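Subject: Structure handover and salt-bridge findings

Dear colleague,

Please find the structure below, handed over for your use. My findings on its charged side chains follow directly after it.

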Amino acid sequence: MGRVIKNISVIGTGYLGATHAACMAELGFDVLGVDVDPEKIEALSRGDLPFHEPGLPELIRKHVDSGRLRFTTDMEGAGSWADVHFIAVGTPQVAGGTAADLTAVDAATAALARSITKDALVVGKSTVPVGTARRLQRLVAEESSDDVEVSLAWNPEFLREGFAVQDTLRPDRLVIGTDAADDEQVLREVYADALTQETPWISTDFETAELVKVAANAFLATKISFINAFSEVTEAVGGDIRTLADAIGHDTRIGRKFLNAGVGFGGGCLPKDIRALQTRVSELGLDHSMTFLNEVDQINLRRRERAVTLAEQMLGGLPGTRIAVLGVTFKPLSDDVRDSPGLDVANRLYTAGADVLVYDPEGNENAAKRFPRLGYVDSLREAAADADLVVLTTEWNEFKALTPDDLDEVVAVRRLLDARNVLSADQWQAAGWQFAQLGRYYDGAPE
């Protein structure tokens with residue numbers, strides 16, 4: 001494919017696709033974002049985002065206004081126009097199961113292949129089970145015209161919510177799975193700007209490219225659950241889980257990142273990806289290879305149960321109490337509440353009989369769609385007003401900066417559960433607060 005790449009399409013304009021489309025425009029390409037949802041396309045064409053991601057709305061509006069970025073439902077138009085097509089549709093967990101749902105990936109790839117009228121490269125970015133790329137390669141060959149040369153490569157994404165623009169424009173590595181040197185060269189042209197920054201370039205086969213993404217997520221999930229498993233120990237015998245994490249984190253073989261004990265991980269990637277990986281290896285007859293991930297998942301879920309149990313212990317019972325829950329997105333700098341530990345804890349507290357008021361800087365609206373029975377307010381002070389217990393479940397900067405003086409005159413009882421281990425126990429206890437943290441031995445009695 002010895003030609004200059006000018007036009008790029010991105011199939012799927014959700015979180016991944018919208019980010020990738022905007023960043024490709026920022027890199028100088030003319031970009032067409034394609035989706036089957038007319039309302040989403042209309043909103044994006046106005047520069048409006050249906051989700052929160054710092055810096056992305058401004059980037060979309062910039063390139064919509066410049067004309068470099070457009071959005072459409074016209075797959076045929078995209079197929080006849082673009083030189084490179086990125087597949088960025090979702091792969092959620094199947095309803096009632098643990099496998100990845102590839103319906104959207106299959107449909108988008110087939111429809112795109114049928115619409116292509118000139119030589120082109122199709123590039124998968126969606127997170128898929130190993131073996132999917134080989135199958136889609138055959139699908140592209142079957143569905144595309146004999147008059148054009150259409151090939152497929154795999155380029156997994158490694159976006160962190162809250163940092164997606166940075167991670168696309170300045171990635172920490174680029175992984176390319178392909179069968180053809182010409183296809184790799186096309187992607188070197190697409191990512192030429194990143195390569196000038198000496199971004200590591202990893203050229204490999206389809207299978208490795210598919211596995212890299214799920215392996216990274218499985219490792220991060222394991223690391224988080226590892227320190228949370230030790231939290232279960234320090235809660236029983238005493239000790240400082242943060243000091244423990246600091247100490248082992250100094251070992252360069254281990255590292256300190258993702259050793260933050262607390263209420264656990266959530267979101268739209270880690271939980272579903274580790275479950276889909278277990279399902280896929282089981283399909284391959286390798287049931288024992290990933291059984292440890294089941295315990296990783298269970299440790300993570302037990303942290304949510306522990307937060308509720310600790311709240312009950314602090315209050316002497318949950319029915320009739322008033323609890324403020326601070327943070328229901330699965331992480332800060334996001335409005336994503338999928339599989340959110342904080343939202344799960346809030347709902348469990350409500351189910352157990354507490355009156356729960358929720359405040360999250362960005363997540364209230366999405367949380368209310370999932371659990372409308374909870375109360376939602378627009379400020380920290382409103383949530384904490386007359387509370388018998390404040391529970392911190394997402395480490396937004398606003399919450400990490402809390403001091404006893406901020407809440408002393410607001411709450412009914414000075415009682416706080418830090419489920420993310422981001423506050424100073426000494427400071428709060430010295431101020432007369434009944435204070436508990438996950439990972440810390442607690443023998444306090446209700447006051």
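The notes below concern the salt bridges in this structure.

Please bear in mind that the model is predicted. A search across the whole structure returned 32 salt bridges, and three pairs and one network among them are described here.

The pair I would place at the head of the list is Glu157 with Lys213, whose closest N and O atoms are 3.4 Å apart. Glu157 sits in the loop between β6 (150-154) and α7 (164-169), while Lys213 belongs to helix α10 (residues 206-237), so this salt bridge ties together parts that are 56 residues apart in sequence. Both partners are buried: Glu157 and Lys213.

A second salt bridge joins the side chains of Asp172 and Arg173, with an N to O distance of 2.8 Å. Asp172 is exposed, its relative accessible area being 54%. Arg173 has a relative accessibility of 23% and therefore counts as partly exposed, since the partly exposed class lies between under 20% for buried and over 50% for exposed.

The third pair is Arg414 and Asp408, where the closest N and O atoms are 3.9 Å apart; this separation falls within the 4 Å cut-off, so the contact is counted as a salt bridge. Arg414 is partly exposed, at 35% relative accessibility.

Finally, some salt bridges share partners: Arg275, Asp297, Arg304, Asp339, Asp344 and Arg348 are joined in this way into one network.

Kind regards

Key
Residues numbered from 1 in each chain as written. Predicted model: local features only at pLDDT ≥ 70, side-chain atom pairs only at ≥ 80, totals over all residues. Heavy atoms only, no water. Helix = DSSP H or I, 4+ residues; strand = E, 2+ residues; numbered from the N terminus. Buried < 20%, exposed > 50% of the residue type's maximum accessible area, 1.4 Å probe, protein only.
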